[in-house]
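Q: I am new to this structure and would like a close look at one part of it. Please start there and then go on to the rest.

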Amino acid sequence: MKISYSWLKDILNFEETPQEVAELLTSSGLEVEGIEEVENVKGGLKGLVVGKVISCEKHPDADKLSLTTVDVGSENLLSIVCGAPNVAQNQKVVVATIGTKLFPLEGEPFEIKKSKIRGALSEGMLCAEDEIGLGKSHAGIIVLDETATIGEPIANLYNLQNDTVFEIGLTPNRSDATSHYGVARDLKSIIAARKNKLGSELQIKHSNFLPDASNLNKIEIEVLHKESCPRYAGMVISGVTVKPSPEWLKNKLISIGLKPINNIVDITNYVLHDLGQPLHAFDYDKISGKKVIVRLANENEKFVTLDGVERTLQTNDLVIADEAKPMCLAGVFGGLNSGVSESTTSVFLECAYFNPAYIRKSSKHHALKTDASFRFERGTDPNFVLTAINKTANLILEIAGGTLSMDVVDIKHEEFLPNRIAFSYNNCDALIGKKIDRNLIKLILTELGIEIENEGNDALLLNVPLYKTDVTREADVIEEVMRVYGYNNIETSKLIKYSAITEPKNFNLLVENLIGDTLSGFGFNEIMSLSLTNENNYEQKESLVQMLNPLSTDLGVLRQSLLFDGLKTIAYNINRKQNDLKLFEIGKTYFKTNNEKFPYSENKVLALFITGANFTENAYGLNQQNDFMLLKSVAIKLLEKMGITTLKFSESTFGNFENGLSILVNNKSIAEIGKVSKKVTKQNDVNQPVFYAEFNFEALVKLYSKHKIQFVEPSKFPSVRRDLALLIDKTIKYQQLEELAFATDKKILKEVNLFDIYEGEKLGNKKSYALSFTLQDTEATLTDKQIDGVMEKLVNNFKQKLNAELR
């Protein structure tokens, strides 16, 4: 959510700088994720100065060009070639000096350089409106008033109003801060708490009383479904002129990333972001029967939204309709045939409080996320309806003209009373861990708009306004006090309490710590990602666990692998020039099962990722890339650290690998290791090889819990390695080769390893495996005869039983 610094200052009088405001908001729970400087004219007209044309003559070699000398207040006059038809001597003009970067309305920015045009020296540029982003005209250069001072920056003449915009990561519970007014209210309370005195009052401009209505153009309002619409207000304004908005209004919207449309629409958008209350303006003449009906949609009722899409409504969709048709999907999106256009002369203005559950269901079902639904589904303030509609009406009367032709009709189906909550100072002290001055607590509550109805020795009876949708109990009030007081102001206790643990060993925790210590020693960094993910990551969707109310379509299911979020992390880092990565994550995956008793399964896994170079740039020629063999060695060393040493390997069937291995213990897979396919990496915006391993964490815990440490004396005698390159059928798996090798010799054959795979067109249905064999005797040094004998047996068995050929 974008919040404008200058907009905040319109509402609240404060002296803090943008950086200080960002720190205050972040400390109170409104995390400022970014700060952006916004210019209403791109480039801020930097480098542009007032110049006077001292002389102007026709270019001898070009009929449409003029040779000018221009005084810009520097030591020497500038020679500038100009192609504008209206350039003349003694004019005051806008001059772009050498080195100035111009930002035209259309096209790419460009820098002014000293150049020759048709043989004549040009040391700058005389500018038209469109060339510097001030307007659309290109008929000629801008001619300034005679009173302009030579050499004065052009930015001073146009009174540019630059702004600072905060990007706030708003949590779902903070519906009270979905507007500039709400953020200003928080800022007011924080500043007051820091200074320990009441702050200045919040300002709501244009919310004064409306003029008397003529009641010449009336609309009948009927609310048929009271549960979904507890409050609805509407009025009619006639004689309006729909046109572009004034500059101040355009600049406000542009600063927070909105595109101005017309004055009526812009005003409703302005009030939405100002007060947090969405409104909608209908073309009065398009309302059939001059009646507005708030009702639920009919089954399969058709409705065309503003984006031109025909949508099929469901029976729990709330609509604003006239006697003939739906005009608006309430709280979500307007209709194509009822909105304000250039021909509109009268508008029906609505402002309502809708039940958040209905808006959220409609928004989700139709995949429509709008500024209005963002606020309605979190909960707006039902007591702010009249304030918002009055402000909007006054702005329309001021900017678009017209008269009030129907007074506000306000339909309420209930009284909206504040929540009464008992608050104890002692409970506050106990939860926070610090005794805060009682007067400061009362000041914080008052500044947040929470009324103190009654006060006792240790307690307060509070009236919490309805815009505080997440404050419903005493603990919530204490949290409000704490976040405004400042989490950083709560000192760490000097007293540490510890209870002796008498439980049996927690092998889960032991294995987690062992993995973390081991992998960090190998240069890995731990990541943590969200369990929610996009269902498009998975081809088989039957076993996906769907969310009932997803935050977005990108977060609609629970993950079945840690691969995809890890790839997003890798892409994020690569985009920030961090290409060499070793990452690990311990997390859970989720599956839907066919078991009626246990319809869902939850599995804990360990994921490893490596990509890029193994070593940073160095002077020693160490340029090894992270690859499959490195990841395999890390996996084996990690398992050895847990006492898991009896391993077998087979080809992996993991669907997202180009090639890989399964690690088996007792003929059960405990890990999959491989190179992630290019298709998957490309889909996740990663353009370099990524190698991935996924371990069954629960299997690791089970194996570790059974492991007993035993001392085995290392052999005093050396090991011997021999390699074989075998040409085998593509159907044969590595596991078959390994099993056959150990079946051939169990005494001195200690290890078999696959270190190279080759498949090519020339091999046809064959593939080449390069295997290494480690031989060792614990009682004596191996002789050549022993070694050759074992290797000969291996070759013969591979040939006879697997039709292998030596390469």
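How many bridges join β32 to strand β36 (residues 690-696), and in which direction do the two strands run, parallel or antiparallel?

A: The model is a predicted one. In it, β32 and β36 are joined by seven bridges, and the two strands run antiparallel. Strand β36 covers residues 690-696, and strand β32 covers residues 600-611. One pair of residues can be picked out to place the two strands against each other: Val605 has Asn696, in β36, as its bridge partner.

Strand β32 also pairs with strand β31, which spans residues 581-592. This pairing is antiparallel too, and it extends over twelve bridges. Here the pair to look for is Lys588, which stands opposite Lys604 of β32.

Further along the chain there is an open sheet of four strands, with the order β38-β39-β37-β40 and antiparallel pairing. Its edges are β38 (749-758) and β40 (805-806), each of which pairs on one side only. The edge strand β40 is held to β37 (residues 720-729) by two bridges, again in the antiparallel sense. Within this pairing, Leu727 has Glu805 of β40 opposite. A helix accompanies the sheet: α18, made of residues 734-744, lies across β37, β38 and β39 (766-775). The direction of α18 is at about 155 degrees to that of β38.

Another open sheet, also built from four strands, has the order β16-β23-β15-β24 and antiparallel pairing. The strands at its edges are β16 (279-283) and β24 (403-412), and each has a pairing on one side only. On average, neighbouring strands in this sheet are turned by 15 degrees against each other, with direction ignored. Inside the sheet, β15 (residues 231-238) and β23 (residues 346-353) run antiparallel and are joined by eight bridges. Tyr232 can serve as a marker here, as it stands opposite Ala352 in β23. Helix α9, residues 385-399, lies across β15, β16, β23 and β24. Relative to β15, α9 runs at about 10 degrees.

Two helices also pack against each other. These are α11 (residues 438-447) and α12 (residues 474-485), whose axes are 10 Å apart and meet at an angle of about 100 degrees. Because of that angle, α11 counts as roughly perpendicular to α12. From α11, the contact is made by Leu440, Ile441, Ile444 and Leu445, while α12 supplies Val477, Glu480, Val481, Val484 and Tyr485. By class, the residues of this contact are eight nonpolar, no polar and one charged.

The last item is empty space inside the model. Rolling a probe the size of a water molecule over the atoms shows where such space is left. Counting cavities of 30 Å³ or more gives one. The largest cavity holds about 50 Å³ of space. Its lining consists of Lys42, Gly43, Gly44, Leu45, Lys46, Leu48, Lys101, Leu102, Phe103 and Ile132. Sorted by class, the lining has five nonpolar, two polar and three charged residues.

Key: Residues are numbered from 1 along each chain as its sequence is written. This is a predicted model: local features need pLDDT of at least 70, side-chain atom pairs count only at pLDDT 80 or more; totals for chains, interfaces and linings use all residues. Side-chain values use heavy atoms; hydrogens and water are left out. On a 1 Å grid over the protein atoms alone, a cavity is a set of points where a 1.4 Å probe fits but cannot get out, and a pocket is an open set with protein on both sides within 12 Å along at least five of seven lines; lining residues have an atom within 4 Å of a point. Grid points are joined across faces, edges and corners, and a volume is the space filled by probe spheres set on the points. Ala, Val, Leu, Ile, Met, Phe, Trp, Tyr, Cys and Pro count as nonpolar, Asp, Glu, Lys and Arg as charged, and the others, Gly among them, as polar. Two strands pair if DSSP finds at least two bridges between them. Axes are lines fitted to C-alpha atoms, for helices over the stretch in contact, and angles run from 0 to 180 degrees between N-to-C directions. Contact means heavy atoms within 4.5 Å. Angles under 35 degrees count as roughly parallel, over 145 as roughly antiparallel, 65 to 115 as roughly perpendicular and the rest as oblique.
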